[in-house]
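The following exercises are intended for work with the sequence and the coordinates side by side. Please attempt each task before reading its solution.

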Amino acid sequence: MRSISFGQATVEATAAAMREDDTVVITGEDIGWGGNFGQFKGLLEEFGPKRVLDMPISEALILGSAVGAAVTGLRPIASLSFVEFTMGAMDEIVNQAAKFRYMFGGQVSVPMVVRASDGVLRSSGPQHSESFEAFFSHMPGLKVVAPSNPADAKGLLRSAIDDDDPVVYLENKKITFRRGPVPEEDYRTALGQASIARTGSDVSLITYSVMTQHALEAAQVLLEEHSVDAEVVDLRSLVPLDIDSVLRSVAKTRRAVVCHEAWTFGGFGAEIASQINEHLFGELAAPVLRVGAQSAPIAFSPPLERALVPEASEVVQAVLRTVKP
Amino acid sequence: MVDIWLSDDHELGIASLEVPVAVDFKDIETSLEAYRKLLLIRTFEETLEALFAKGKIPGFVHTYIGQEAIAVGVCTNLRTDDYVTSTHRGHGHAIAKGIDLNGLMAEVFGKVTGICKGRGGSMHVADFSKGILGANGIVAAGTVIAAGAGLSIQTREEDQVVICFFGDGGINKGTVHEAMNFCSVKKLPVVFVCENNQYAQFTSRKLTTSVSDLSVRGVAYGMSTESVDGNNLVEVVEVSRRAIDNAREGLGPTLVVADTYRFGGHYVGDPQAYRSEDEVNESRRRDPLLLFENYLELHGLADSDRFELEKETISKLVNKAVMFAEQSDYPEAHTATDYVFTDLIEGRQ
Ligand SMILES: Cc1ncc(C[n+]2csc(CCOP(=O)(O)OP(=O)(O)O)c2C)c(N)n1
């Protein structure tokens, strides 16, 4: 199969959706030029400025107008180049997009996608390096997707655009340019279905987004150097959450390490760990551990950035603590 | 004083070159001091471009090349205890307001001797002892922060002022509306300086902004407004002085729109497919540094020998800062969570 980047894979999904449905439009800053990470390349050329809208630097407008357009017949994809910029439009996401359907008694749905790039990329500093999925998944009414590879990026984005609820689609900067096999045809990957990225018998690594890549690397090291056979469960979407796949895996391995790049404290991993405990308490051979960032804004200086944010080696260490207590 | 009507050519940044009589600038020392500041910013930024190309600078860097006369011109009128809020393109503002050069350079390198101890980097340089309330990676975040600093000055009954630097792209952020309205209604001592460099990242101002004369945005809030050729240092000094004097005297905020052009890409390494080389070359004919050299020569304040001498001195200064930064250590990994809170927080990993 041909290999394309994560960013290109999202372009294919968007283009397919836009060809199929005239109501799909994209709004965002600098998207006519292809976006900061090339994730909109060629779309202006194909679909024109009525459907690919270069917006002012007005995040409240970008998100708020998506809500307004979504409840009046369009299916907007509102895009922000760094997830930190959603903070200037949190009202529009949390108080408007997430609540419209519920507080108006189901009269409308809000079929919109919020795209935002998150995560650490080579010293981007405290306002351009973070991961906020915990904020979004905390909020009832928002669906949250965080793909880990180009093939899923394409299929999940296609489903997110189809979805009648607001979906926050988080694309990690570190993997935006990474390539992987992607089918050429148009396809959808259902939201709320985890994938087993690697099967194993000794411990379950529950993860998503860029951390899936680190977990797979860790699994390799664990097998070669420590004879530990790790299973990697890639959640792919956080809301809806495929807790059944998580529980099935942990019931088998009896050990779990939940891994993400975002802060550990109050992070999405706590939700997973808690649900595992609620369902499998008596069957666990070790406490569920979490791997995530230390509690500080993500620093600029390379050694500090690296110290704060986990990669494969931190996953390996955590696993060793659960298998050799 | 509200002037909505501007000549069309102001739009293109080719306002009349007729230089107002600037008393200060007939004085050799003051004018050379301003010249050194312009040079310092230019040299600092060009040095960063070279260092970045060699892979010595982490992250990304936004340079201020071409816009130097705005920061220098405005800050010439400021006291050390006045405040500035800045943008992602903040080195120039910081240097003009007197940041320690070694600390600035070391910060951009991510070293522990940096002004923010390596935590912030290029986009977050700040020196609170000099009233520099921070470069900021969030566009137009400085506007509401400036309003708060203005409120603080008014509450403390001081006569400081706040300069809020922001961009023509930033002018469309909602925070600008909120800040300008509030500063105007409270007559806060804030001067908004909009650096109209024609682009926001890769997008031309014309595509996203409802008016071509940005000063009318100030009119809407009942503020005084000024428009100025941002490449003409003398004009910037004059115009911003009026605004600053008014703010100090309690007459309220002004919006100063300074027309300029960013010579470099949005960030160092930007391929700049969105604009033509001709356009950039054309703009370089109005290099603020050259314009000020012409002015100094015209008034017999300095000649080309003097310029060369100053350039050498400034180069040495910047090279020393580079050496300082290169020889400094990186922060140690175990200090990564220092400075999050003022005290130790239990139970938080
Ligand atoms: C709230 C927010 N939205 C978007 C961005 C991304 N961004 C960084 S700089 C920039 C353009 C800013 O243009 P302008 O205000 O004109 O300043 P200039 O870069 O021209 O100095 C954009 C969109 C950001 N940093 N913050």
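The exercises below concern a predicted model, and each task is followed by a worked solution.

**Exercise 1. Overall form of chain B**

Task: Determine how many helices and strands chain B has, and judge its radius of gyration against the globule rule.

Solution. Step 1: the secondary structure of chain B consists of 13 helices and 7 strands. Step 2: for 349 residues the globule rule gives 20 Å, and the radius of gyration of chain B is 20 Å, so the chain is as compact as a globular protein of that length. Step 3: along the principal axes, the C-alpha atoms of chain B fill a box of roughly 60 × 50 × 40 Å.

**Exercise 2. Burial, contacts and surface of chain B**

Task: State what share of the residues in chain B is buried, and describe its contacts, surface and charges.

Solution. Step 1: of the 349 residues in chain B, 58% are buried. Step 2: among the contacts in chain B with a separation of 6 or more, 75% come from residues 24 or more positions apart. Step 3: chain B has an accessible surface of about 14500 Å², and carbon and sulfur atoms contribute 53% of that surface. Step 4: chain B carries 33 positive and 51 negative charges, and the mean positions of the two sets are 3 Å apart.

**Exercise 3. Aromatic pairs**

Task: Classify the pair formed by F37(A) and F82(A), and explain what the pair ties together.

Solution. Step 1: over all chains, the whole structure contains 14 aromatic pairs. Step 2: in the pair of F37(A) and F82(A), the centres are 5.6 Å apart and the planes stand at 65°; this pair is edge-to-face, since the cut-off for that class is over 60 degrees. Step 3: F37(A) is located in the loop between β2 (24–28) and α2 (43–47) of chain A, and F82(A) in the loop between β4 (75–80) and α4 (90–97), so the pair ties together parts that are 45 residues apart in sequence. Step 4: F82(A) also pairs with F85(A); their ring centres are 5.5 Å apart and their planes at 55°, so this pair is tilted. Step 5: with burial defined as under 20% relative accessible area, F37(A) is buried at 9%, F82(A) at 7% and F85(A) at 14%.

Task: Which residues form one aromatic cluster with W33(A)?

Solution. The cluster joins W33(A) with Y199(B), F202(B), Y261(B) and Y274(B).

**Exercise 4. Backbone geometry**

Task: Describe the peptide bond between V239(A) and P240(A), and place the positive phi values of Q201(B) and Y339(B).

Solution. Step 1: most residues other than glycine have a negative phi, and most peptide bonds are trans. Step 2: the bond between V239(A) and P240(A) is cis, with omega about -5°; P240(A) is in the loop between β12 (237–239) and α10 (243–253) of chain A. Step 3: Q201(B), not a glycine, has a positive phi of about 55°. Q201(B) belongs to the loop between β4 (199–200) and β5 (203–204) of chain B and is buried, with a relative accessible area of 18%. Step 4: Y339(B) has a positive phi near 75°. Y339(B) lies in the segment after α13 (304–327) of chain B and is exposed, at 55% relative accessible area.

How values were computed
Residues numbered from 1 in each chain as written. Chains lettered and ligands numbered in written order. Predicted model: local features only at pLDDT ≥ 70, side-chain atom pairs only at ≥ 80, totals over all residues. Heavy atoms only, no water. Helix = DSSP H or I, 4+ residues; strand = E, 2+ residues; numbered from the N terminus. Rg over C-alpha atoms; globule rule 2.2 N^0.38 Å. Buried < 20%, exposed > 50% of the residue type's maximum accessible area, 1.4 Å probe, protein only. Contact = heavy atoms within 4.5 Å. Areas by Shrake-Rupley, 256 points an atom, 1.4 Å probe, with all protein chains shown as cover. Lys, Arg positive; Asp, Glu negative; His and termini not counted. Charge placed at Lys NZ, Arg CZ, Asp CG, Glu CD. Phe/Tyr/Trp six-rings, centres within 6.5 Å; stacked < 30°, edge-to-face > 60°.
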